[in-house]
Amino acid sequence: MDLWKGKRVLVTGVCGTVGRELLRQLVQRGVDEVVGIDNDESGIFLLTQEYLARPQVRFYVGDIRDRDSLIRRMYGMEVVVHAAALKHVVLGEESPRDVIQTNVLGTQNVIDAAWENDVERVLHTSSDKAVNPTNVMGTSKLMSERLMSAANAMRRSGGPILASTRFGNVLGSSGSVVPIFKRQISYGGPVTLTDPRMTRFVMTLEEAVRLVMESVFIARGGEVFVTKMPVTRIADLAEVMVEELAPRNGLNPSDVQTKTIGVKAGEKLHEELLNEEETRRTIELDNYFVVLPAFGPVPGENDYLAAAGQKEVGVEVPYKSSVEKPMDPKELRAYLVKHQLLEGGE
């Protein structure tokens, strides 16, 4: 039985890359109603036109900074997927107040509105940059994870089940490195690298949304779900994309240069999805790590242990892109082709 069938769902940040894919899959899964909100007026208009034939889908211009508006829009909803956020690292360093208002206070508003409306489940989409953060955006996402866990710890006999998912870099999403490299290659270069040593966890949009869709009903409350994903060197990604895309643009790959421009403000050389402190309260499943909350009851702990075939909570090592073996160029090329990440424009 599909647990999504017949549900009433609200998606924040519905105009974003992840939000749009969530919407598409929710409609496919037979939900009774979807409400999408976003502060992107043009994006909301375009989605409204796209879904005119779907009366169960409704869109509203709204901002998660507006608590009262969220409470009204969330009325009657059973599940909330919170995908709205400011996610650009460099812009976040330049506008920290806005990042805090959206990512931290906005998340608290989502929590408050869910409590007011007796929502059953809330899933918050977080980021690998929340682990040992070195920038404003990552720090705000860590705080939003903590808000979700703290709110869940306040549950007694009722109230929503609240949890988070932690994403890697969603390849092909707006602002990600893949469309940037595509555009630079189409112009004949140069392809800009911040640092050739840089490594990143990567995932496709489909993988990211699958994590969300599965985690909503797996969650017992307060957890952070981390999907297992491959690692790539950014320099290898640039090299493979140049080899594949330069000929399509009438160029010789050897003529497309790469240029090292240096690490940007707040950026890490390597990313982490699970840090040292979290290992002692993490359970490893086949496709996921489940980070249990540091405080409050964990009603599903034994369920997770049974699923993992473990007797005790804990994993041996942190999950870091500097430690995991990266895909070699051949594996990376196959990954990009399999997921059609080299197709289309920027």
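Two strands count as paired if DSSP finds at least two bridges between them. In this predicted model, strand β10, residues 224-227, and strand β15, residues 288-291, meet that condition with 4 bridges, and they pair in the antiparallel sense. Within this pair, V224 lies opposite V291 of β15, and V226 lies opposite F289 of β15.

The strands β10 and β15 belong to an open sheet of 9 strands. Read across the sheet, the order is β3-β2-β1-β4-β5-β6-β10-β15-β14, and the pairing is mixed. The edges are formed by β3 (57-61) and β14 (282-284), each of which pairs on one side only. From one strand to the next, the twist averages 20 degrees. As a general matter, strands of a sheet pair through backbone hydrogen bonds, either parallel or antiparallel.

At the β14 edge, the partner strand is again β15: 3 bridges join β14 to β15, and the two run antiparallel. T282 has V291 of β15 as its bridge partner. The connection from β14 to β15 is a hairpin through 3 residues. V291 thus appears in two pairings, opposite V224 and as the partner of T282.

Which way do the side chains of β15 point? Y288 and V290 point one way from the strand, while F289 and V291 point the other way. All of these residues are buried.

Two helices can be placed against this sheet. Helix α8, residues 205-218, packs on the sheet and touches β4 (79-82), β5 (121-127), β6 (161-167), β10 and β15. The direction of α8 makes about 155 degrees with that of β6. Helix α10, residues 301-308, lies across β10, β14 and β15, and α10 runs at about 35 degrees to β14.

There is also an open sheet of 3 strands, in the order β7-β9-β11 and with mixed pairing. Its edge strands are β7 (169-170) and β11 (231-233), each pairing on one side only. Strand β9, residues 199-203, is joined to β7 by 2 bridges, and these two strands run parallel. V170 has M203 in β9 as its bridge partner. Helix α9 packs on this sheet, where α9 touches β9 and β11. The direction of α9 makes about 75 degrees with that of β11.

Helix α9 also meets another helix. Two packed helices are described by the angle between their axes and the distance between the axes. The axes of α9 (residues 234-245) and α11 (residues 329-338) come within 10 Å and cross at roughly 65 degrees. This crossing is right-handed. On the α9 side, the contact is made by D236, L237, V240, M241, E243 and E244; on the α11 side, by P329, L332, R333 and L336. Sorted by class, the contact has 6 nonpolar, no polar and 4 charged residues.

A further helix pair is α5, residues 96-116, with α6, residues 136-153. How do these two lie relative to each other? Their axes come within 9 Å and cross at roughly 15 degrees. Angles under 35 degrees count as roughly parallel, so α5 and α6 are roughly parallel to each other. Their crossing is right-handed. From α5, the contact includes P96, V99, I100, N103, V104, T107, Q108, I111 and W115. These meet V136, M137, S140, K141, M143, S144, L147, M148 and A151 of α6. By class, the contact of α5 with α6 divides into 12 nonpolar, 5 polar and 1 charged.

Two single residues complete the walk. D98 lies in helix α5. With a relative accessible area of 34%, D98 is partly exposed. Not counting residues up to four places away in sequence, D98 touches R65 and L86. L23 is 75 residues from D98 along the chain, and the C-alpha atoms of the two are separated by 26 Å.

T194 is found in the loop between β8 (191-193) and β9. Is T194 buried or exposed? Buried means under 20% relative accessible area; T194 has 12% and is therefore buried. Leaving aside its neighbours within four places in sequence, T194 is in contact with T260, I261, G262, V263, K264 and E267.

Note on methods:
Residues are numbered from 1 along each chain as its sequence is written. This is a predicted model: local features need pLDDT of at least 70, side-chain atom pairs count only at pLDDT 80 or more; totals for chains, interfaces and linings use all residues. Side-chain values use heavy atoms; hydrogens and water are left out. Axes are lines fitted to C-alpha atoms, for helices over the stretch in contact, and angles run from 0 to 180 degrees between N-to-C directions. A crossing is left-handed if the near helix is turned anticlockwise from the far one by less than a right angle, and right-handed if clockwise. Contact means heavy atoms within 4.5 Å. Ala, Val, Leu, Ile, Met, Phe, Trp, Tyr, Cys and Pro count as nonpolar, Asp, Glu, Lys and Arg as charged, and the others, Gly among them, as polar. Angles under 35 degrees count as roughly parallel, over 145 as roughly antiparallel, 65 to 115 as roughly perpendicular and the rest as oblique. Buried means under 20% relative accessible area, exposed over 50%, partly exposed in between (1.4 Å probe, protein chains only).
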